[in-house]
Amino acid sequence: MRELFELEQLGGVVGERAAAMRPEVAAMPWGSLEAGAHTPEAVEAARRAWSSAAFQEFRTGAACAATLQALFEARAPLDLIAVASRFPLDEVVHVELCARLAAELGGGAPIAYDPEAMVERFVDREPLARAAHLVVANFCVGEALSIPLLHATWKAATHPLVKAVLRRVVVDEADHGTFGWTFLDWALPHLDAAERRALGETAGRYVASVRETWSDLRRRPQAPRDEAYALGWLGTEEYLELAGRSLASQVVAPLEARGLWL
Ligand SMILES: [Fe+2]
Ligand SMILES: [Fe+2]
């Protein structure tokens with residue numbers, strides 16, 4: 001089932017309540033991104049990139065919600081559940097930020113997706129194992145890897161609105177990245193050797209799919225570096241170099257330290 005990734009907001013009292021949960025969003029310098037100051041190619045590339053970032057944040061929100069449900073089913077420690085319960089809201093805010101940047105550059109680029117295939121659910125497993133697989137796939141690989149990349153992109157960004165958006169995302173993601181390892185250190189003693197091996201396989205599979213996205217990236221046309229910086233991206237070579245190093249230090253090394261890198 002394919003659907004177009006389109007977003008709407010209800011507005012009114014609900015809109016006000018949602019905005020009050022994260023007042024820093026309204027305080028950002030919206031309306032300041034002048035598309036005319038950049039080449040049409042760079043604007044088009046950035047519009048597509050921010051649209052796809054909005055979708056990735058949306059999918060991560062669904063993954064955070066699925067993980068949260070599994071944490072309840074596994075009766076994980078309450079404080080761990082409490083920390084994780086903030087994550088879906090963080091991701092919803094990131095969706096809005098990315099979508100609004102795309103809108104400032106001329107509107108969202110069309111993305112088709114299958115709503116029921118956004119998150120791998122690991123349904124045939126016990127709740128604790130299910131939670132562990134969700135955490136390994138989405139936090140220990142996905143989120144842990146994205147933090148250094150987002151941080152570098154934030155540092156490189158030159159436009160105040162883009163910088164403000166990336167800063168918000170970086171601040172929120174810091175907690176998402178450490179959560180995965182905290183969860184594993186609590187959960188692993190409760191899981192047997194076969195389940196740990198299966199977790200290592202899940203980690204390997206998700207790392208392989210990250211590497212695939214890097215191959216796609218190498219094939220894409222590149223925007224000049226200063227325009228990439230202004231519109232919120234690193235140069236491709238720079239990105240891939242940092243991504244490779246971050247995968248080794250932020251994902252593989254901590255997985256290895258817990259016996260989960262096969
Ligand atoms: Fe996010
Ligand atoms: Fe996140």
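**The iron site**

Which angles occur among the four donor atoms of the iron ion (ligand 1), and is the site tetrahedral or irregular? The angles run from 83 to 151°, and the site is irregular, where four donors count as tetrahedral if all angles lie between 85 and 135 degrees, and as square planar if opposite donors are over 155 degrees apart and all others between 65 and 115. This is a predicted model, in which local features need pLDDT of at least 70 and side-chain atom pairs count only at pLDDT 80 or more, while totals for chains, interfaces and linings use all residues. Residues are numbered from 1 along each chain, chains are lettered from A and ligands numbered from 1 in the order in which they are written, and side-chain values use heavy atoms, without hydrogens and water.

The iron ion (ligand 1) is coordinated at 2.0 to 2.3 Å by E57 (OE), E91 (OE), H94 (ND1) and E173 (OE), donors being N, O and S atoms within 2.8 Å of the metal (3.2 Å for Na, K and Ca). E91 also coordinates the iron ion (ligand 2), which is 3.5 Å from the iron ion (ligand 1).

**Parts tied together**

E57 lies in helix α2 (residues 40-73) and E173 in helix α6 (residues 160-187), so the pair ties together parts 116 residues apart in sequence; helices are DSSP runs of H or I with at least four residues. E57 is buried at 12% relative accessible area and E173 is buried at 2%, buried meaning under 20% (1.4 Å probe, protein chains only).

**Two packed helices**

Helix α5 (residues 127-156) packs against helix α7 (residues 193-219) at an angle of about 35°, with the axes 10 Å apart; axes are lines fitted to C-alpha atoms over the stretch in contact, and angles run from 0 to 180 degrees between N-to-C directions.

Notes. Four donors count as tetrahedral if all angles lie between 85 and 135 degrees; four count as square planar and six as octahedral if opposite donors are over 155 degrees apart and all others between 65 and 115; anything else is irregular. Buried means under 20% relative accessible area, exposed over 50%, partly exposed in between (1.4 Å probe, protein chains only).
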